[in-house]
Amino acid sequence: MTSATGPQVGVTLYSFTNEWLSRQFDLPGLLHEVAKRGLGPNIEIIGFQSLKEFPDISDDFAARFKDLIAETGLNPTSLAINSDRFLKPGQQPIDDATLVEYHKRQLRSAAKLGFPVARSQFALPVHLLPEIAPYAEELGIVMGVEVHAPMWAGHPAVQAYGEMYDKLNSPALGWIPDFGGTASRIPASMLDAARRAGAKESLLDMLKEIWLEPGMSHEKAGKLREKALADGHAPAHIQAASLAFFILANNDPKSWAALVDRTVHIHGKFYGVDDDGVEEAIDYETILPLFRDGGFTGTIVSEWEGHAYDTRDAFEQVRRHQAMCRRILAS
Amino acid sequence: MLPVERVIGEEGLSATPAGLRLAMRLPWYRSLPFSTVEVAALAIDGEPVDLSEAQVEYDGASWPLAELGEQTNRFWFVRDSAFLVLPGRCLAPGSEHKVALTINVNPPYIPGMKRANPQTELLSVN
């Protein structure tokens, strides 16, 4: 048996959202395909994407899942859970006790399936962590909150979580960075998709300018909408262009250094790796060494999100991304 | 159209003893509680359809569409179709009809976000 000496690579099945939604694969088929292509062994699964019984998991399904893992030789690394607070649109969020129980259900399922890490979300209010951390400890699972755009290390919500982490000092709590929060530019492929949807260059120029401005994402999206409508752009084109505000933010790539110590898992968010092995929008050459040199030995799962706007071959994109990560980590 | 934008299901439109039955897909990347989904509009051959008596069928269960908002602990698995049943309405098997369906999703972890997903297809009645 070898011991981990640096960050490992893997893949989240979220990368294959197009193939999944169009029913090209069922779960056994997709796991076998990932294994056959050598894109594992470390895998992340979104409970509410891949598992029909979720948020609960029966003994029968858990046994079948473990057989599947044994057959494929894959390694369950992280199960993404969701902090669904707003179950009735336009009404008050569910009460704290119900939300805590909702998390416990999902953590139980993650542990039952053999995942050591559960990905949570900031929609879980920080004051509930003291109730959940001991339960995660009891289950032997680590709950990592995903630091996803528009959040980043310097965001007030991240800082509030960090203060609670210091206070609780629980081994069951940590960070899951998602690199989309520190994109250097809007991916060219995303702009191309907006062009295909009919967006004009003048709208995309406006988008690129506003996206770089400081401020909250939803405010910037509102500003683009207002200006673009005034300039006569169609609402559908504005909607296509506005995707960038919701999945990407342009904070400093070096800012991740502040979170390395409590990082338990990483979402290697990406949009397209070119023939030279360079990602379109996210500066991996700056980001990955921070984690490698900071002593992170967990997994970076390749998370291709280009499926939000196009239908390129996700398997090929993941292959390229993993090759890029290995190259940078070995340098 | 991307797979995540699709709202008319692969099983299409069927004439059944219970009424007309239309397959629907959830236009999101993950399963959601039915309470966060709205069947916002349906038109057949350009005519808006009254949905006040419509039923939803999913995974062996069925309930009135009007009660969709109460289904906070019943999850629509993102890979499955759910079915909209229009009691008393029928169309000749084999006939073709333009079906326009709009489904709204309100992701329960993103307060205030509502996404409308329209799709129009020419369907042949099964």
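Where in chain B does UniProt place the feature "domain: C-glycoside deglycosidase beta subunit"?

1. In the unreviewed UniProt entry, this domain feature covers residues 17-109 of chain B. Within that span the secondary structure amounts to 48% strand and 0% helix, and the C-alpha atoms at its two ends are 39 Å apart.

2. The model under review is predicted. For the complex, the predictor reports a pTM of 0.95 and an ipTM of 0.96. The average pLDDT of chain B is 96, and 100% of the residues of chain B reach at least 70.

3. As regards the fold of chain A, the model contains 8 strands and 13 helices. The radius of gyration of chain A is 20 Å, and the globule rule likewise gives 20 Å for 331 residues, so chain A is as compact as a globular protein of that length. The C-alpha trace of chain A extends over about 55 × 45 × 40 Å along its principal axes.

4. On the packing of chain A, 46% of its 331 residues count as buried. Among contacts in chain A with a separation of 6 or more, 84% join residues that are 24 or more positions apart.

5. The interface joins 22 residues of chain A and 19 residues of chain B, taking as contacts C-beta atoms within 7 Å. On the chain B side, the residues that touch chain A comprise 10 nonpolar, 6 polar and 3 charged.

Key: Residues numbered from 1 in each chain as written. Chains lettered and ligands numbered in written order. Predicted model: local features only at pLDDT ≥ 70, side-chain atom pairs only at ≥ 80, totals over all residues. Contact = placed C-beta atoms within 7 Å. Nonpolar A, V, L, I, M, F, W, Y, C, P; charged D, E, K, R; others polar. pLDDT = per-residue confidence, 0-100. Helix = DSSP H or I, 4+ residues; strand = E, 2+ residues; numbered from the N terminus. Rg over C-alpha atoms; globule rule 2.2 N^0.38 Å. Buried ≥ 20, exposed ≤ 12 C-beta atoms within 10 Å, placed from the backbone. UniProt positions renumbered as here; feature names shortened; annotations may be inferred.
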